[in-house]
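Work through the exercises below with the model open. Each one sets a task and then solves it step by step.

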Amino acid sequence: MPTASEAAWSEAAFWSGISTRWARETIPDLWLLRPPIERDVVVFHDPSYDLDRRAYAWSFSFHTYAVDELAAFASGLAAAEAAAWEDDQPDVATRAFETRRFLLADRLLHWLVPWLHAVGRSGSTDAADGDAAAILDMGDRYRIVPDLAGTEGLFVPGEDTYGPTELDSPLDALVTSVWSGWVILDAAATVADMGLFEEASRHWTDVAKASPGSALLWRHLSARADRTAALFAGV
């Protein structure tokens, strides 16, 4: 059983690897298609203010707000936690852990796993599926968004963990982002394909069953994919 500092050092190394693998210099073609940035994958939300607020407390600065920077921040937080445990500073260690946990829960998990799955489907790199599985495992360990019984009242009507379930936007503006339930890298290749979103619904249902610590996210993506398939059926 690893100590708290050993576990944190291990996580620092993991996030450092994520930062290297998904940087613009490493995967330029994917950056041209759909950059690994929350505002480009989620589309209707800009997280920069929230990220700047979190980073300021740790003297970290974002420039692109892309996954390589978020992962570098997470790696630094894990290293700070590890060093604090070794220096007998539990208050600093706990604060670094909590910031990293909320970074994963609020600013990474909900869009990075769908983006990595899209990369895996494209066959662009073999690393995507393994990294997605590792991040899902982290979500299980930290119990980020479990699918608890009795969640009625947690969301206002017409919203889920991602926000509004219906947006006043054309269908073709929604289908390539998480709002539709399925991230599609190449918007130019998108076609009105009900079967694609039926597949997405089944996929996220399976992910939810296998990943109880973040299951609510994936059940909501499955429901979004069902709605998108129904929209295409009515086109």
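**Exercise 1.** Find the salt-bridge partner of arginine 53 and say how far apart the two residues sit in helix α4.

Solution. Start at the side chain of arginine 53. In this predicted model, a salt bridge joins arginine 53 to aspartate 50. The closest N and O atoms are 2.5 Å apart. Now count along the chain. The two residues are 3 apart in helix α4, so about one helical turn separates them. An α-helix has 3.6 residues a turn, so residues three or four places apart point the same way. Finally, check accessibility. Arginine 53 is partly exposed, at 47% relative accessible area. Aspartate 50 counts as buried, at 14%, because the cut-off for buried is under 20%.

**Exercise 2.** Describe how helix α4 packs against helix α6.

Solution. Two packed helices are described by the angle between their axes and the distance between the axes. Take the distance: the axes of α4 (residues 48-56) and α6 (residues 90-107) come within 12 Å. Take the angle: the axes cross at roughly 175°. Angles over 145 degrees count as roughly antiparallel, so α4 is roughly antiparallel to α6. Next, list the residues that meet. From α4 come Asp50, Leu51 and Arg54. From α6 come Phe102, Leu103, Asp106 and Arg107. Sort them by class: the contact has 3 nonpolar and 4 charged residues, and no polar ones.

**Exercise 3.** Which residue forms a salt bridge with glutamate 38, and which parts of the chain does the pair tie together?

Solution. Side chains of opposite charge can pair when their charged atoms come close. Glutamate 38 pairs with arginine 107, with the closest N and O atoms 2.8 Å apart. Place each residue. Glutamate 38 lies in helix α3 (residues 38-41) and arginine 107 in helix α6, so the pair ties together parts that are 69 residues apart in sequence. Then check burial. Glutamate 38 is buried, with a relative accessible area of 2%. Arginine 107 is buried too, at 9%. Last, widen the view. Glu38 and Arg107 belong to a network of salt bridges that also links Asp50, Arg53, Arg54 and Asp106. A search of the whole structure finds 11 salt bridges.

**Exercise 4.** Examine the salt bridge of arginine 100 with glutamate 81. Are the two residues buried or exposed?

Solution. The N to O distance in this bridge is 2.8 Å. Arginine 100 is in helix α6 and glutamate 81 in helix α5, 19 residues apart, and the pair links distant parts of the chain. Arginine 100 has a relative accessible area of 5% and is buried. Glutamate 81 counts as buried at 7%.

**Exercise 5.** List what histidine 110 touches beyond its sequence neighbours.

Solution. Locate histidine 110 in helix α7 (residues 109-122). Its relative accessibility is 9%, so histidine 110 counts as buried. Set aside neighbours within four places in sequence. The contacts left are Glu38, Val42, Ala105, Tyr162, Val178, Leu217 and Trp218. Glu38 is also the salt-bridge partner of arginine 107.

**Exercise 6.** Compare the spans of α1 and α5 with expectation, then say what covers the buried residues of α1.

Solution. Helix α1 (residues 4-21) has 18 residues. From first C-alpha to last, α1 reaches 26 Å, close to the 26 Å expected at 1.5 Å a residue. Helix α5 has 20 residues and reaches 28 Å, close to the 28 Å expected. Turn to burial in α1. Ser5, Ala8, Glu11, Ala12, Phe14, Trp15, Gly17, Ile18 and Ser19 are buried. Their cover includes α5 (67-86), α6 and α8 (127-142).

**Exercise 7.** Check the backbone of valine 43, tyrosine 65 and aspartate 88 for the sign of phi.

Solution. Begin with valine 43, in the loop between α3 and α4. Its phi is positive, about 75°, although valine 43 is not a glycine. Valine 43 is partly exposed, at 34% relative accessible area. Move to tyrosine 65, in the loop between α4 and α5. Here phi is about 65°, again positive in a residue that is not a glycine. Tyrosine 65 counts as buried at 14% relative accessibility. End just after α5, where aspartate 88 takes a positive phi of about 55°.

Notes: Residues are numbered from 1 along each chain as its sequence is written. This is a predicted model: local features need pLDDT of at least 70, side-chain atom pairs count only at pLDDT 80 or more; totals for chains, interfaces and linings use all residues. Side-chain values use heavy atoms; hydrogens and water are left out. Axes are lines fitted to C-alpha atoms, for helices over the stretch in contact, and angles run from 0 to 180 degrees between N-to-C directions. Helices (H or I, at least four residues) and strands (E, at least two) are DSSP runs, numbered from the N terminus. Angles under 35 degrees count as roughly parallel, over 145 as roughly antiparallel, 65 to 115 as roughly perpendicular and the rest as oblique. Contact means heavy atoms within 4.5 Å. Ala, Val, Leu, Ile, Met, Phe, Trp, Tyr, Cys and Pro count as nonpolar, Asp, Glu, Lys and Arg as charged, and the others, Gly among them, as polar. The expected span of a helix is 1.5 Å times one less than its number of residues. Buried means under 20% relative accessible area, exposed over 50%, partly exposed in between (1.4 Å probe, protein chains only). A salt bridge is a side-chain nitrogen of Lys or Arg within 4 Å of a carboxyl oxygen of Asp or Glu.
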